[in-house]
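Trainee: I should like to learn how to read the features of a protein model in order. Where should one begin?

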Amino acid sequence: MRMQENRRFIRWQVARPARFKLVSNLEEGEEQIALLKDISFSGAQLTLSENLRLNDKLELALEIPDEHNPVHCQGRVVWQKTVQEAGPAPFVCGLYFTQIKSRDKDKIFQYVRQLLLKTKEKNGKEGVNSAQ
C-alpha cells in the first residue's frame with residue numbers, strides 16, 4: 001500500500017548531519033546524531049539509528065555550512081519506516097516542523113539556494129567540457 005503524498009512545499013535533497021533530542025512531557029532525551037536527507041520549509045526526512053514512533057516530538061539542531069549558529073526547530077514524527085540493509089542507520093522518518101523561526105527558514109532557503117547554484121554551475125561546466 002502506498003502512502004498518500006501530503007507535502008505542501010518542495011523538498012530539497014541534502015546530506016547534512018543533524019542533532020536531535022527526543023522530547024516527552026516528562027523529560028528530554030539524550031542528544032543523538034542523524035543524517036538529514038531532505039528538507040523543506042515545513043519538514044524534513046532523517047535517517048537515524050533509533051526507531052521513533054508516530055507523533056514523537058523532537059528538538060533539532062541542523063548544521064548549515066558557513067553559519068555560526070545551527071538552525072533550531074521542533075518537529076513531530078509524521079511517518080517512519082525501517083530500511084532493509086541500511087547498516088548503522090536503519091530507520092527513516094518524516095518530520096513536520098511544529099516550531100521554526102522565520103530567520104531559521106531563511107537560513108534553510110539561503111543554504112539550498114547556494115546548493116542549487118553550485119549544482120547549476122557544476123552542470124554547466126560539465127556541459128562545456130563534454131562539448132569540446
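Mentor: Begin with the secondary structure: helices and strands are DSSP runs, of at least four residues for a helix and at least two for a strand, and they are numbered from the N terminus. Please keep in mind that this model is predicted. From the N terminus on, its protein chain reads β-β-β-β-β-β-α, that is, six strands and one helix.

Trainee: What do the six strands form, and in which order do they run?

Mentor: They form a closed barrel with antiparallel pairing, in the order S1-S2-S3-S6-S5-S4. From one strand to the next, the twist averages 45°.

Trainee: Over how many bridges do strand S5 and strand S6 pair?

Mentor: Strand S5, residues 71–82, and strand S6, residues 91–100, are joined by nine bridges in the antiparallel sense. Within this pairing, Gln-80 has Cys-93 of S6 as its bridge partner.

Trainee: Cys-93 is a cysteine. How many disulfides does the model contain?

Mentor: In general, a disulfide is a covalent bond between the sulfur atoms of two cysteines. The cut-off applied is a sulfur pair within 2.5 Å, and the count here is zero.

Trainee: Are Cys-73 and Cys-93 buried or exposed?

Mentor: The cut-off for buried is under 20% relative accessible area. Cys-73 is buried because its value is 5%, and Cys-93 is buried because its value is 1%. Across the protein chain, 33% of the 132 residues count as buried. The accessible surface of the chain comes to about 9300 Å², and carbon and sulfur atoms account for 49% of that surface.

Trainee: How should one read a residue in a loop, such as Ser-40?

Mentor: Establish its place, its burial and its polar contacts. Ser-40 lies in the loop between strand S2 (32–39) and strand S3 (43–48). With a relative accessibility of 1%, Ser-40 is therefore classed as buried. Its side chain reaches the backbone nitrogen of Ser-42 at 3.1 Å.

Trainee: What is the sign of phi in Asn-55?

Mentor: As a general rule, most residues other than glycine have a negative phi. Asn-55 has a positive value, near 75°, and is not a glycine. This residue sits in the loop between S3 and strand S4 (57–62). Asn-55 is partly exposed, because its relative accessible area is 46%.

Trainee: Finally, what share of the contacts joins residues at least 24 apart?

Mentor: Among contacts in the protein chain between residues at least 6 apart in sequence, that share is 57%.

Key:
Residues are numbered from 1 along each chain as its sequence is written. This is a predicted model: local features need pLDDT of at least 70, side-chain atom pairs count only at pLDDT 80 or more; totals for chains, interfaces and linings use all residues. Side-chain values use heavy atoms; hydrogens and water are left out. Buried means under 20% relative accessible area, exposed over 50%, partly exposed in between (1.4 Å probe, protein chains only). A polar contact is a pair of N or O atoms within 3.5 Å; within protein, one must be able to donate a hydrogen and the other to accept it, and residues adjacent in sequence count only if both atoms are side-chain atoms. Two strands pair if DSSP finds at least two bridges between them. Axes are lines fitted to C-alpha atoms, for helices over the stretch in contact, and angles run from 0 to 180 degrees between N-to-C directions. Contact means heavy atoms within 4.5 Å. Accessible areas come from the Shrake-Rupley method with a 1.4 Å probe; for residues, only the protein chains shown count as cover.
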